[in-house]
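I opened this notebook page to look up how aromatic rings are placed against one another and against charged groups.

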Number of protein chains: 2
Amino acid sequence: MSTDTQWLVNGRKRQVDPSDRGLAYGDGVFETMAAHDGVLRWLEQHLTRLARGCEQLGIPMPDRHALAAEVVAAVPARGSRVVKLMITRGSGARGYRPPEPCVPTRILGIGAWPDYPEANYTHGIRLGLSTIRLADSPLAGLKHLCRLEQVLAQQELAGLGLIEGLLRDARDRVVSGSMSNLFLVRDQRLVTPQLDRCGVRGVMRDIVLAAARDSGLAAEEQPVELADVHAADELFVTNSVLGIWPVREFLDTRVAVGPITQALQRQLGYAHAQ
Amino acid sequence: MSTDTQWLVNGRKRQVDPSDRGLAYGDGVFETMAAHDGVLRWLEQHLTRLARGCEQLGIPMPDRHALAAEVVAAVPARGSRVVKLMITRGSGARGYRPPEPCVPTRILGIGAWPDYPEANYTHGIRLGLSTIRLADSPLAGLKHLCRLEQVLAQQELAGLGLIEGLLRDARDRVVSGSMSNLFLVRDQRLVTPQLDRCGVRGVMRDIVLAAARDSGLAAEEQPVELADVHAADELFVTNSVLGIWPVREFLDTRVAVGPITQALQRQLGYAHAQ
């Protein structure tokens with residue numbers, strides 16, 4: 001999403017002020033969305049999480065309808081794009097203390113679609129385990145700009161030749177993937193790790209939980225241990241761009257790409273690569 | 001450090017690419033330094049910490065001598081300035097995984113001197129206690145760009161009318177201030193909190209430890225509890241811009257501005273505001 005990405009900063013084609021607090025301190029939030037033929041998938045859910053993040057950080061959320069219109073207008077009418085939308089606390093005096101009043105910066109990037117392999121959807125992925133521990137945070141659940149834990153995890157996974165891996169917290173609980181949320185199926189029940197102390201509450205995670213319940217499946221947020229992952233009947237990971245990827249192997253454990261994962265893929269339109 | 005700051009991005013007057021990973025993920029490190037009449041204080045120590053941070057994150061450190069020359073050349077020959085130097089992992093493809101190879105971005109800002117009140121140096125400051133808990137991190141000690149904990153703490157302290165406050169970790173240990181390191185004097189011994197699990201290893205902290213030992217004072221890094229802070233004979237906070245500020249009040253505990261604090265201020269040239 002560098003040379004091939006079109007950027008708008010506060011609605012204009014330009015770059016970012018080096019004094020922006022998003023750069024200086026990670027002082028902001030972001031969303032990454034899928035756009036197909038001019039349609040932003042789950043736009044309302046993304047804007048709702050963005051607004052919640054802004055509220056929690058004390059950043060004035062830009063007008064929601066104007067923001068939505070700006071995003072939709074920037075997306076081409078044909079083809080698939082990844083849309084990244086950042087809201088930062090804007091520029092301000094030096095130092096951690098937030099300026100009062102603050103004028104947030106909105107940074108919108110329209111990038112190439114990643115073209116993930118079809119096999120990720122049909123045969124599933126190999127899932128590893130990162131040694132990076134996610135720290136407890138008062139900002140648990142938010143998608144803020146401080147993401148070095150995820151960068152370190154992806155650096156480690158790259159060395160292992162894996163596209164994704166699970167992260168645990170300090171209590172050895174499994175939290176999520178580095179760029180995705182995790183779901184387990186066991187005894188016809190869907191489980192995803194609780195995210196009350198750390199992790200990102202993915203938009204797709206909420207959508208999968210709701211879709212499962214809509215179709216009569218029990219679906220719960222619970223503490224998850226590594227042993228639960230090894231014992232699962234089915235495993236899959238989710239995010240708003242990749243959708244739903246079954247897991248075919250977790251460490252040395254083979255996992256079947258099962259009927260509940262496939263039904264959710266079909267239900268939500270993620271049975272194949274876009 | 002916004003309108004009044006002169007910025008150089010990779011040595012030229014321009015802005016920052018919105019795809020820079022420093023903005024996207026806090027994927028970088030920074031130093032904040034004091035410059036007086038063209039002289040960067042503790043420049044070598046800052047560059048050493050920067051190099052250590054780059055190494056730990058796997059970011060190629062720019063040539064140290066060229067970087068030093070660029071910083072020195074950007075500082076005016078007269079007057080005092082705050083110098084901020086960021087090194088990020090540069091631009092790259094979308095996603096947490098670091099690009100290989102990566103071309104780091106160096107961002108240099110020369111800003112106005114903060115003009116702290118003279119009384120902060122002579123009479124000391126009131127020090128509060130933040131409710132924000134610093135999380136354990138594999139990047140403990142580093143001054144990386146993910147600083148939302150410090151932003152939240154300063155937001156809280158602003159509401160209390162305080163310039164600085166202490167932060168604890170999840171085990172109730174005192175770690176540091178939000179923008180400074182903490183020192184306690186008790187029974188003629190200097191103590192500063194251990195930073196093996198979280199916190200920033202300030203350049204000034206190392207300098208104060210070394211200066212104390214040079215002058216024959218016992219100086220140790222130890223676990224520090226709130227009770228230790230309340231029981232201290234003297235308290236002071238340090239960073240590279242403010243230097244050394246005595247604490248005259250911690251919560252409801254009055255503290256004397258004592259002889260060891262004053263001797264260290266004189267020894268290192270921080271007895272008065274610049």
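Over the ring of which residue does the charged end of Lys84(A) sit? I find it over the ring of Phe30(A), 4.7 Å from the ring centre, where sitting over a ring asks for NZ of Lys or CZ of Arg within 6 Å of the ring centre and within 35 degrees of the ring normal. In chain B, the charged end of Lys84(B) sits over the ring of Phe30(B), 4.6 Å from its centre.

I note that this is a predicted model, in which local features need pLDDT of at least 70 and side-chain atom pairs count only at pLDDT 80 or more, while totals for chains, interfaces and linings use all residues. Residues are numbered from 1 along each chain as its sequence is written, chains are lettered from A and ligands numbered from 1 in the order in which they are written, and side-chain values use heavy atoms, without hydrogens and water.

Next I searched the whole structure for aromatic pairs and found eight over all chains; rings of Phe, Tyr and Trp (its six-membered ring) pair if their centres lie within 6.5 Å, and planes under 30 degrees apart count as stacked, over 60 as edge-to-face and the rest as tilted. The planes of Tyr121(A) and Trp245(A) stand at 85 degrees with the centres 6.2 Å apart, so I logged this pair as edge-to-face. Both Tyr121(A) and Trp245(A) are buried, meaning under 20% relative accessible area, with exposed over 50% and partly exposed in between (1.4 Å probe, protein chains only). Ring pairs also link Tyr116(A), Tyr121(A) and Trp245(A) into a cluster.
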